[in-house]
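Me: I'd like a close look at a single part of this model, with the surroundings filled in as you go. Here it is.

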Amino acid sequence: MSNFIVKGKCRCEENPVQFQYTKEPFEIHYCLCTDCTETCGGSLAIIAVVENAEFEVTANQDKIKNFDSLETCHRKFCTECGCHMFLNVDAYPDHTLVHVPTLERGVDLGQTPDRWVFTDSKHPMFTIPDDGLPRHSGWEATSNT
Ligand SMILES: [Zn+2]
Ligand SMILES: [Zn+2]
């Protein structure tokens with residue numbers, strides 16, 4: 001077994017919510033859907049899809065609040081700093097969707113982004129770079145399946 005581990009945290013300077021995963025993510029994708037972008041206030045979301053069994057909140061779990069941005073979409077925020085760290089969606093009950101920017105930088109995350117999804121919902125001020133990755137107008141499952 002490897003010692004693979006990737007850690008993340010909220011933006012609290014003291015007692016941050018901390019979490020980690022211990023297996024390479026199932027996938028990483030760029031999401032342009034309105035739910036992600038409007039909730040996060042960003043032009044895109046970079047999402048790592050991690051198995052629940054390999055994902056763990058390791059500190060300050062009591063600071064996490066759930067917000068259902070959709071009936072099927074359960075987003076986890078820090079009640080103190082407001083950081084949106086990860087979410088669960090009903091369609092993928094065995095996985096947690098981690099917002100990659102909340103993870104430590106400069107380490108191997110176990111995957112790299114493999115596609116763009118919900119390009120039809122893209123904000124008009126954002127231009128998708130010519131990175132050669134597949135683009136999908138709506139949701140498209142990974143080829144990992
Ligand atoms: Zn926080
Ligand atoms: Zn999204």
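Is C81 buried, partly exposed or exposed? Start there and walk me through the metal site and what lies around it.

Reply: Bear in mind that this is a predicted model. C81 comes out as partly exposed, because its relative accessible area is 31%, and that falls between the 20% limit for buried and the 50% limit for exposed.

Now for the metal. C81 gives its SG to the zinc ion (ligand 1), and the SG atoms of C10, C12 and C78 do so too, at 2.3 Å. The angles that these four donor atoms subtend run from 106 to 114 degrees, so the arrangement is tetrahedral; the criterion is that all angles lie between 85 and 135 degrees. Along the chain, the donors are spaced as C-x1-C-x65-C-x2-C. C12 sits in the loop between β1 (6–9) and β2 (18–21), while C81 sits in the loop between β7 (73–78) and β8 (84–89), so this pair ties together parts that are 69 residues apart in sequence. C12 has a relative accessibility of 8%, so it counts as buried, whereas C81 is partly exposed.

From the zinc site you can step straight to M85. Setting aside neighbours within four places in sequence, M85 is in contact with two of the zinc donors, C10 and C78. Its other contacts on that basis are V17, F19, I64, K76, F77, V98, H99 and T102. M85 also matters for the packing picture: in the largest nonpolar core, which has 21 residues, M85 and F19 touch the most other members. The elements giving two or more residues to this core are β2, β4 (45–51), β5 (55–59) and β8. Apart from it lies another core, of eleven residues, with C31, I47, V49 and C73 among them. As background, nonpolar side chains tend to be buried together in soluble globular proteins.

C73 is worth a stop of its own. This cysteine is found in strand β7, and it counts as buried because its relative accessible area is 4%. Leaving out neighbours within four places in sequence, C73 is in contact with D35, F67, D68, L87, N88 and V89. C36 is 37 residues from C73 in sequence, and the two are 10 Å apart in space, C-alpha to C-alpha.

One last spot is T119, in the segment after β10 (116–117). T119 is buried, since its relative accessible area is 18% and the limit is 20%. With neighbours within four places in sequence left aside, T119 is in contact with L32, I128, R135, H136 and S137.

Note on methods:
Residues are numbered from 1 along each chain as its sequence is written. Chains are lettered from A and ligands numbered from 1 in the order in which they are written. This is a predicted model: local features need pLDDT of at least 70, side-chain atom pairs count only at pLDDT 80 or more; totals for chains, interfaces and linings use all residues. Side-chain values use heavy atoms; hydrogens and water are left out. Donors are N, O and S atoms within 2.8 Å of the metal (3.2 Å for Na, K and Ca); water is not among the atoms, so sites may look incomplete. Four donors count as tetrahedral if all angles lie between 85 and 135 degrees; four count as square planar and six as octahedral if opposite donors are over 155 degrees apart and all others between 65 and 115; anything else is irregular. Buried means under 20% relative accessible area, exposed over 50%, partly exposed in between (1.4 Å probe, protein chains only). Contact means heavy atoms within 4.5 Å. A nonpolar core is a set of buried Ala, Val, Leu, Ile, Met, Phe, Trp, Tyr and Cys residues joined through side-chain atoms within 4.5 Å.
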